[in-house]
Amino acid sequence: MNAPLEVPIVIGCDTDPDREGFVGPLPSGRLVWRGMLEGIPALKSAVADLRDDADVSPRFTWLLRADEQVQQLQGSYAWCLETHGAFFADLVASGDALGWHPHFWRLDAESGRWYQEVEDSDWQVQMLRESHAALLRAGLTPPSVRMGWTYHSAATFTTLDALGIRLEFSPFPGLRSYRGVPRRRDENQFDWHPTPTMSFHASPADPRVAARAGKTACRLLTLPCWVATSRSWGAIAGLQMARKSGDLGLAWDAIRRPSYVINLTARPRLFAPLIAGLRRAIAATKAGHRPAPAFATYFHPDELIPNRSSMYALPHVRENLVALLDCIRESGASPRFVTADHYVDCWGADVRATA
C-alpha cells in the first residue's frame, strides 16, 4: 500500500512590534512588544493539544525583527535576542524555530517619520549585511526569511542568497501592490505577480520566477505563501489593492490571475477559501495533475492580543488550524507541522530534483 501524501504546514510569524492604530495609541519614539511577549505564549497554550499525523503539535517559525529601525529605537539590530534570549530559547526548545524578518524602514531626518526605502539599493544591501552580522554575533544563524511588507529586488534577494539563507517565504503569488516602479513611501510595496505557487529556486535576475533549466539559480529555496485562486475572492483582493494604490490596473490583474491571501489569525470564513483551494490541490496531486502542495501561512503577534480589528483574533488560529487538519485528512492526505528549515531538509530535495 502506498504511503499517504504528506502535506507540510509551514507557519511563520513576522515578529513585529505592535502597530500604531491597530492596537491603540502607542508611545512616540519607541517600539512596544506586547503582541510578542504576551500573544505568543497565549497562542502556544491555545493550540498545544492539536496534533498532526506524526503526533506533533503546531510548529512555528518566529521571524525576528532585525533592521535599522530596531537598531535605532532599541539600540541594537539583534535586540530581540539580546534582551529576550531566554524567551526565544524556550520556544525553540518546544520545537519551534527562529528566522529573520527585516524591514526597510528608514528615518526621514527632516520630518522625523519612518518610511519604506525602495530606491537606495546600496543602503538596502548594507543594512541587510549589518543586521545579519549582528544576528550571528548574538548566536543566531537565520535559516529563513520573510521580508518586511514582502518587498524584494534582485539586489536584496541575491544578498540573502550570498548570506546563506536557506528558505525565503515572502511571496504572494499573483499579487502586487504596484506595477513598474514602486512608489516611494507608500504602503506595502511588493510585486509577485508572475510568481508560481510551488516552491522553486529563483533566477538571480528576477527573484519572482524560477531560474530556467540550465541557467544559474539561487541556492536558497523560495516557498510562496499559500493563496486562493478563486475568481470571486481574487476580485476582492484586486479591488482592495486598486483602492489603496489608486491604480485600476491592479483590479485587472485580479481578473487575469485571481489571487487571495489572508493571515492565519483571520476570521475562519475569510480563511476558508485558502483551505478550499488546498482541497482542490490535493485532489489534483492525487490525480497526477500537479506536484504535491505545501501550505505556508503567516500572521503578526499583535493580532493575538486585543486589537481594534474585527478581522484578526487569537481564537481564530485554533479554528483555522482544526479546519486545515480536517481538510487534509478528509482528502486522504497526511498533515505535517514543520518549521521553515525542516521544510528545506525534508522537501527541498524534491524541489531541486524537479527544478
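**Note on the predicted model**

1. Strand 8 and strand 9 are joined by a hairpin of two residues. Helices (H or I, at least four residues) and strands (E, at least two) are DSSP runs, numbered from the N terminus. Strand 8 covers residues 202-203 and strand 9 covers residues 206-210; the two run antiparallel and share two bridges. Strands count as paired if DSSP finds at least two bridges between them. Ala202 has Ala210 of strand 9 as its bridge partner.

2. On the basis of the coordinates: this is a predicted model, in which local features need pLDDT of at least 70 and side-chain atom pairs count only at pLDDT 80 or more, while totals for chains, interfaces and linings use all residues. Residues are numbered from 1 along each chain as its sequence is written, and side-chain values use heavy atoms, with hydrogens and water left out.

3. On overall form: the protein has 10 helices and 12 strands. Its radius of gyration is 19 Å, which agrees with the value near 20 Å for a compact globule of 355 residues. That radius is taken over C-alpha atoms, and the globule rule is 2.2 Å times the number of residues to the power 0.38. Along the principal axes, the C-alpha atoms fill a box of roughly 65 × 45 × 40 Å.

4. On burial: 55% of the 355 residues count as buried, where buried means under 20% relative accessible area, exposed over 50%, and partly exposed in between (1.4 Å probe, protein chains only).

5. On the nonpolar interior: the largest nonpolar core has 85 residues, of which Leu43, Trp62, Phe88, Phe299 and Leu321 touch the most other members. Such a core is a set of buried Ala, Val, Leu, Ile, Met, Phe, Trp, Tyr and Cys residues joined through side-chain atoms within 4.5 Å. Leaving aside residues up to four places away in sequence, Leu321 touches Ile11, Val47, Leu50, Pro58, Leu264 and Phe337. A second, separate core of 14 residues includes Ala296, Val338, Val344 and Trp347.

6. On the cysteines: a search of the whole structure finds zero disulfides, a disulfide being a pair of cysteine sulfur atoms within 2.5 Å. Why is Cys218 without a bond? The closest cysteine sulfur, in Cys225, lies 20 Å from that of Cys218, which is too far. Cys327 is likewise in no disulfide, and the nearest cysteine sulfur, that of Cys225, is 16 Å away. Cys218 counts as buried because its relative accessibility is 3%; Cys327 is buried, with a relative accessible area of 1%.

Definitions and conventions: Contact means heavy atoms within 4.5 Å.
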